[in-house]
Amino acid sequence: MPPSSLPALLLGRPLANEEHAGRKVGLATGVPTVGLGAFGSPAYGPESALLVLAPLGAVGLAVFAAVQGAVVLVLLLLWLTFRRALAAFPGNGGAYTIARDTLGPAGGLLAAAVLMLDYVLNVAVGISAGVAALVSAVPALAPYRLTLCLAVLALLTVINMRGALDAGRLFAVPVYGFLAAFAVVIAAGVGLALVGPPAAAPAPAPVADEAGGWTVVLLAYAVGCTAMTGIEAVGNSIDTFRDPAVRTARRALAMVVVVLAVFLVALAVLVPAFGIVAMPQTATDYRSVLAQLAAATIGQGALYFVCMGTLLCVLVLSAHTSFVGLPAFFRLVAADGWLPRPFAVLGRRLVLTVGVLFLAACAGALLILFAGVTDRLVPLFAAAALTVFLLIQLGMAVHDLRVRRRVARERAAARRGAAFNLAVDVAGGLATAIALVITIVAWFLAGVWIVLLVVPALMGLLVAVRRYYAAVDRALSSPAPLDLADLRPPVVLVPTEDLSRLSDRALTFALAISPDVIAVHLAALEGPGSEDKERSLRESWATDVEAPARAAGREPPRLVTLRTPYRHVYAPLLQLIDGLADRDPGRRIAVLTPEVVKQHWWQYPLHTLRARRMRAGLVAYGGSRVVVMSMPWYLDEPDPARAARETTPAPSPGIAPVA
């Protein structure tokens, strides 16, 4: 790969199909690859819950511990459901596959739409929370919050275009560094709490105690459930893992859930112990909950900045979970016919390029719309994530009912196991449903209405795509044998501006494929005053075209002049085609457009690009009777061997060439 190639520098060499198995990840790399979303969620889920509880004052800290305990309990129920789902539905679809196979096509469509929104929101929330952590450590960067968010998004997009393996290796160091750093913070906090009453972290005084009742508690529980987001990514990324993929995915899921549960339990204990309160991100002196906890336990020395640095990395990199899961999910949905087929095409690095770029564009739009503020995005994220969880739990409950019917007459242990699984799914589903209803009702005007509007719109779009492909397949189906009844050569039209080596070559090729060639001169394309070009062409036509054709025993091409009073390049041609089709309705008409190939970027503004516009117009409006061809002319003859070298690099060791 030439060093000057920008794609080579940014993305690396193209990968062969045979290298796909080698691009899968193991457990050590897979945990950072699919666990980033879950590891980053404790930075905004508990903080959002604590912010909701702020009106309760000191009582809110005690309630926070109970809310975190409830979230951890639901997390464990989800884990029991998800680990069975990995074995029962070992594809990349996760909630989509489960809902499609258990709840029917409508359930699958709903899951597909919600998953798309969930993954996009995960990117926006993760990046905005990471930048918030950076702003918390360096308040001078607050005015540049949105710019930083978009810059991080662009960097993550480029990294993920290289593939999950490269990204997982790159992200492993900050992820494991983050876990180690906050293990020290948690251990130090527990030690201080056991020794004696710790000093309160430097934070604003709590709000005075107010009567909030159960409404505030339920709101805190609902938004606190966003701390569980990210664990569903494992089910959507099974194909990312090496064989045995299901077993490796279940181990990765267990590790992610254990780390997340320990983190949430630690926050439930330490946040009340140190009197930490949440602050709105728009506050000028904003400091995140984790920043306050780290400062209170280990001070604000070098280790503090290591914690904040690794937290920043994990939060912004948590978006990587979506970059791994969503394109693979898109490929599955596209294979079912609900999404455009380009979403299922692998790019140069065996990456689903269209899905990656689509995700980046949608996440960028969300960041711009909500100014990169996490607090504004969390309610939407909660609604989408909780809906995904609920669909998985409902689907697995239906699956458990089917299993229970199958084992109804088998041994008692099998019946008890099926009943236990069903109870887990029902209990978890009820807890998730409560949180979802609260989220929709409480934050409807805060942005959740967008979810309720976008999800049905996405479902309608998926249905429209499916219907379009069904119509295309019906139109292209050919049950009959090949029809060779009419093999007459076509009438060939050659647009000719003047006589040149390019037009000569086009006319020669046209005469080689048909005896009926018409050279079409579009007069006055440049505007008034171009009559001399038409006169010169007619004067030289007899000697330069007709005479050589007769000498070669060919019927000379006819020269037809079409007026272009509005300087349109393809409308006059379409009128000529209509006239030819009326005279001979069954005959094909071919248009051969001569064109100088632009081999360098600076050549494009130096040419009119009429040939390109002409082809586009003929393809759009010519109909099935018209065949559009191109006659290229190169100022510098290209090197096919160079193109082969750039697109097909030397195979890696272990990749045998195809005989």
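Start by selecting helix α14, residues 374–406, and look for the kink of about 25 degrees centred on Leu380. The bend at a residue is taken here as the angle between axes fitted to the seven residues ending there and the seven starting there. Helices are DSSP runs of H or I with at least four residues, strands are E runs of at least two, and both are numbered from the N terminus. Now put a distance label on the two end C-alpha atoms of α14: they are 47 Å apart, which agrees with the 48 Å that its 33 residues should span at 1.5 Å a residue. That expected span is 1.5 Å times one less than the number of residues.

Some bookkeeping before you move on. This is a predicted model, where local features need pLDDT of at least 70 and side-chain atom pairs count only at pLDDT 80 or more, while totals for chains, interfaces and linings use all residues. Residues are numbered from 1 along each chain as its sequence is written, and side-chain values use heavy atoms, with hydrogens and water left out.

Step back from α14 and pick Ala371, in the loop between α13 (353–369) and α14. Ala371 isn't a glycine, yet its phi is positive, about 60 degrees. For background, most residues other than glycine have a negative phi. Ala371 is partly exposed, with a relative accessible area of 31%. The cut-offs are under 20% for buried, over 50% for exposed and partly exposed in between, using a 1.4 Å probe and protein chains only.

Zoom out to the whole chain. You should see 21 helices and five strands. Of the 659 residues, 50% are buried. The accessible surface is about 29,900 Å², with 66% of that belonging to carbon and sulfur atoms; such areas come from the Shrake-Rupley method with a 1.4 Å probe, and for residues only the protein chains shown count as cover. Among contacts (heavy atoms within 4.5 Å) with a separation of 6 or more, 81% join residues 24 or more positions apart.

Next, the largest nonpolar core. A core here is a set of buried Ala, Val, Leu, Ile, Met, Phe, Trp, Tyr and Cys residues joined through side-chain atoms within 4.5 Å. This one has 143 residues, and those touching the most other members are Ile127, Phe182, Ile231, Leu311, Phe323 and Phe329. Helix α5 (residues 95–137) gives the most to this core, with 21 residues. Which residues does Ile127 contact, leaving aside its neighbours within four places in sequence? Show Cys149, Val152, Leu153, Leu156, Leu315, Val316, Ala319 and Leu367. There is also a second, separate core of 19 residues, including Leu493, Ile577, Ile589 and Met614.

Turn on the aromatic side chains. Rings of Phe, Tyr and Trp (its six-membered ring) pair if their centres lie within 6.5 Å, with planes under 30 degrees apart called stacked, over 60 edge-to-face and the rest tilted. The whole structure holds 12 such pairs. Select Phe178 and Phe263: their ring centres are 5.9 Å apart and their planes at 25 degrees, so this pair is stacked. Phe178 sits in helix α7 (residues 164–195) and Phe263 in helix α9 (residues 245–273), 85 residues apart. Both Phe178 and Phe263 are buried. Then pick Tyr96, Phe329, Phe330, Phe343 and Phe358, which ring pairs link into a cluster.

Now for a few long-range stops:

- Trp443, in the loop between α15 (412–442) and α16 (444–476), is buried at 15% relative accessible area. Its C-alpha is 9.8 Å from that of Val223, 220 residues away along the chain. Beyond four places in sequence, Trp443 touches residues including Val52, Leu219, Val223 and Pro379.
- Gly57, in the loop between α3 and α4 (58–88), is buried at 9%. The C-alpha atoms of Gly57 and Val277 are 9.0 Å apart.
- Leu312, in helix α11 (residues 302–317), has its C-alpha 7.0 Å from that of Val131, 181 residues apart in sequence.

Drop in on helix α3 (residues 45–52), where seven of the eight residues are buried, Glu47 and Ser48 among them.

Last stop: Arg587, in the loop between α19 (571–583) and β4 (589–596). Is Arg587 buried or exposed? Arg587 is buried, with a relative accessible area of 18%. Its contacts beyond four places in sequence are Arg488, Pro489, Pro490, Val491, Ser514 and Asp516.
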